[in-house]
Amino acid sequence: METANSLSSRALQYYVIARKWGSDLEFYKFETGFLRTLLDDYYFNVQHKDGRADVLELNRELMKLDADKNQLEKALDEQIRHLELMSEDVVPEDVSWLAGKQIRLEYMVTNIFSEYKELKKKIFCFLQKPGSQNNLVTNMFLPN
């Protein structure tokens, strides 16, 4: 974090937070990949149309979240790049501009992760529905 030495404490705080959010997004990518694998396994093993239609809808919702995630990643990258330029005295530090940008980023982060949390619950509930053929999660971890 050598590049962030000449930042004000507020700007440094924004830098650390943006990096943490970036790390959270990396984990999000890993988790959504896992959820997609579960949904794909279910889709190819289910016999009824309704189950397949539900999987397609859940995948559409994941794709929408991915689009939002891509916008957030781009905004975070811009914020980090701007903070790094400020730390190198390439651009002047403008804490009020940074605060506005940070508030928008915080809103985006909160929104995407709360939507993702709800969708993840929805996917898990769907995959664990009793009486359906979707006992894949159980079968993956406790084979017969």
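Buried, in what follows, means under 20% relative accessible area, exposed means over 50%, and partly exposed is whatever falls in between (1.4 Å probe, protein chains only). By that yardstick leucine 83 is buried, because its relative accessibility is 0%.

A quick word on the source: this is a predicted model, where local features need pLDDT of at least 70 and side-chain atom pairs count only at pLDDT 80 or more, while totals for chains, interfaces and linings use all residues. Residues are numbered from 1 along each chain as its sequence is written, and side-chain values use heavy atoms, with hydrogens and water left out.

**Leucine 83 and its surroundings**

Leucine 83 sits in helix α2; helices here are DSSP runs (H or I, at least four residues), numbered from the N terminus. Which residues does leucine 83 contact, leaving aside neighbours within four places in sequence? They are Leu7, Ala11, Tyr14, Tyr15 and Leu98, with contact meaning heavy atoms within 4.5 Å. Then there is aspartate 94: 11 residues from leucine 83 in sequence, with a C-alpha to C-alpha separation of 9.9 Å in space.

**How the two helices pack**

Two packed helices are described by the angle between their axes and the distance between the axes. For α1 and α2, the axes come within 9 Å and cross at roughly 160°. Those axes are lines fitted to C-alpha atoms, for helices over the stretch in contact, with angles running from 0 to 180 degrees between N-to-C directions. The pair is therefore roughly antiparallel, a label for angles over 145 degrees (under 35 would be roughly parallel, 65 to 115 roughly perpendicular, and the rest oblique). The crossing of α1 and α2 is left-handed, that is, the near helix is turned anticlockwise from the far one by less than a right angle. Sorted by class, the α1 contact with α2 has 22 nonpolar, 5 polar and 10 charged residues. Nonpolar covers Ala, Val, Leu, Ile, Met, Phe, Trp, Tyr, Cys and Pro, charged covers Asp, Glu, Lys and Arg, and the others, Gly among them, are polar.

Asparagine 59 also belongs to helix α2, which spans residues 49-87. Is asparagine 59 buried or exposed? It is buried, because its relative accessible area is 15%. Not counting residues up to four places away in sequence, asparagine 59 touches Arg36, Leu39 and Asp40.

**Salt bridges**

Side chains of opposite charge can pair when their charged atoms come close. The structure holds 13 salt bridges, each being a side-chain nitrogen of Lys or Arg within 4 Å of a carboxyl oxygen of Asp or Glu. Here are some of them, with N to O distances:

| Pair | Distance |
|---|---|
| Aspartate 24 and lysine 20 | 2.8 Å |
| Arginine 60 and glutamate 57 | 3.2 Å |
| Lysine 64 and aspartate 68 | 3.0 Å |

Aspartate 24 and lysine 20 both lie in helix α1 (residues 9-45), 4 residues apart, or about one turn of the helix. Aspartate 24 is partly exposed at 26%, and so is lysine 20 at 48%.

Over in α2, arginine 60 and glutamate 57 are 3 residues apart, again about one helical turn. Arginine 60 has a relative accessible area of 46% and is partly exposed; glutamate 57, at 36%, is partly exposed too. Lysine 64 and aspartate 68 are separated by about one turn of α2, because they are 4 residues apart in that helix. Lysine 64 comes out as partly exposed, at 46% relative accessibility.

Finally, Glu26, Lys29, Lys69 and Glu73 are linked in a salt-bridge network.

Key:
Helices (H or I, at least four residues) and strands (E, at least two) are DSSP runs, numbered from the N terminus.
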